[in-house]
Amino acid sequence: MFTGIVEELGEVTAVENLGDASRFRLRGPVVTEGARHGDSIAVNGVCLTVVDHEDGEFTADVMAETLDRSSLGALTVGSRVNLERPMAVGERLGGHIVQGHVDGTGEVVERKPSENWEIVKISLPADLSRYVVEKGSITVDGISLTVVDAGPDFFTVSLIPTTLDLTTLGRKQPGDPVNLEVDVIAKYVERLLGPQGQGATR
C-alpha cells in the first residue's frame, strides 16, 4: 500500500521489449536504498516489483495488461517518473490509501498558472467519473491530490509549488497521458450498496 506522497523524481534509463511485456530500468537512489529483490515500488502510480538493483537503479518487468491499462507504455529512455516505496506499518498516512492499481488513464487538458499555484484540468474516463467528487481524493501519476472541481468527463486539481517542482505534473503538457487511481473506498461502498450488496447487512 502507498500513500501518494512521491519520494523521488526518477528517470527511465533503459527499456527492453520482451514481446508481451517490457523490462524497465529506472534510476532512483532514494527508493532503491535498502531495496531487495521482490520489493514493490510505485512508478507513476503503478505498483511494480523490483527484479534487481544496483548503483541507485532498479529493473522491473511490466506485463502487457499493465502496459495497456496505464501510461507506462509511453515511457522512453529519459522519461521522468514519480517513485514511491510502500508505506511502512506505523508511519503517518500523509496522502490517502493508494493501492498502485491503475483504474485508467486521462490526459492533461489545460493548465492555468497563478502566482502561487497552478490549476490543472485532466480528462476523466466516463466509467470512473462516479468515483470522483469535489474535495475527494484521487491519485494522478502516483500523486495523492484533492479534487477541486469534478465534471462528467474531467476534474481539476490545484498544485502547490512543491508538487510542481518535485513531480512529473510540473512537466506534463496538454495532451500528455496520466495514470488515474480513484479512491478504493468509493469502489467498496458502491459494491456494498449495489444489487449484490443489498440485504447483506443485518
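A residue counts as buried when its relative accessible area is under 20%. By that cut-off S22, with a relative accessible area of 11%, is buried. The model discussed here is predicted. In it, six strands close into a barrel in the order β1-β2-β5-β4-β3-β6, and another six do so in the order β7-β8-β11-β10-β9-β12. A search of the whole structure gives eleven salt bridges, some of which are described below.

**Annotated domains**

- The unreviewed UniProt entry carries the annotation "domain: Lumazine-binding" for residues 1-96 and for residues 97-193.
- Residues 1-96 are 10% helix and 44% strand, and the C-alpha atoms at the two ends of this span lie 10 Å apart.
- Residues 97-193 are 16% helix and 41% strand, with 21 Å between the end C-alpha atoms.

**The barrel that begins with β1**

- The barrel β1-β2-β5-β4-β3-β6 is closed, and its strands pair in the antiparallel sense.
- On average, neighbouring strands in this sheet are turned by 45° against each other, with direction ignored.
- Six bridges join strand β1, residues 8-17, to strand β2, residues 21-27, and this pairing is antiparallel.
- One of the bridge partnerships links N17 with S22 of β2.

**The surroundings of S22**

- S22 belongs to strand β2, and it is buried because its relative accessible area of 11% falls under the 20% limit.
- Leaving aside residues up to four places away in sequence, S22 touches E16, N17, A60, D61, V62 and L67.
- N17 is thus both a contact of S22 and its bridge partner.
- L72 is 50 residues from S22 in sequence, while their C-alpha atoms are 9.6 Å apart in space.

**Salt bridges of R25**

- R25 and D52 form a salt bridge through their side chains, with an N to O distance of 3.2 Å.
- This pair links distant parts of the chain, since R25 is in strand β2 and D52 is in strand β4, residues 46-54, 27 residues away.
- D52 has a relative accessible area of 34% and is therefore partly exposed, as the value lies between the limits of 20% and 50%.
- R25 also forms a salt bridge with E57, where the closest N and O atoms are 3.7 Å apart.
- Because E57 lies in strand β5, residues 57-63, and R25 lies in strand β2, this pair ties together parts of the chain 32 residues apart in sequence.

**A salt bridge within helix α2**

- E65 and R69 form a salt bridge whose closest N and O atoms are 3.7 Å apart.
- Both residues lie in helix α2, residues 64-69, at a spacing of four residues, or about one turn of the helix.
- E65 is partly exposed, with a relative accessible area of 45%, and R69 is partly exposed at 43%.
- Shared partners join the salt bridges of R25, D52 and E57 into one network.

**The barrel that begins with β7**

- The strands of the barrel β7-β8-β11-β10-β9-β12 also pair in the antiparallel sense.
- Neighbouring strands of this sheet are turned by 45° against each other on average, ignoring direction.
- Strand β8, residues 118-123, and strand β11, residues 154-159, are joined by six bridges in an antiparallel pairing.
- Within this pairing, I119 has S158 of β11 as its bridge partner.

How values were computed: Residues numbered from 1 in each chain as written. Predicted model: local features only at pLDDT ≥ 70, side-chain atom pairs only at ≥ 80, totals over all residues. Heavy atoms only, no water. Pairing = 2+ DSSP bridges. Axes fitted to C-alpha atoms, helices over the stretch in contact; angles between N-to-C directions. Buried < 20%, exposed > 50% of the residue type's maximum accessible area, 1.4 Å probe, protein only. Contact = heavy atoms within 4.5 Å. UniProt positions renumbered as here; feature names shortened; annotations may be inferred. Salt bridge = Lys/Arg side-chain N within 4 Å of Asp/Glu carboxyl O.
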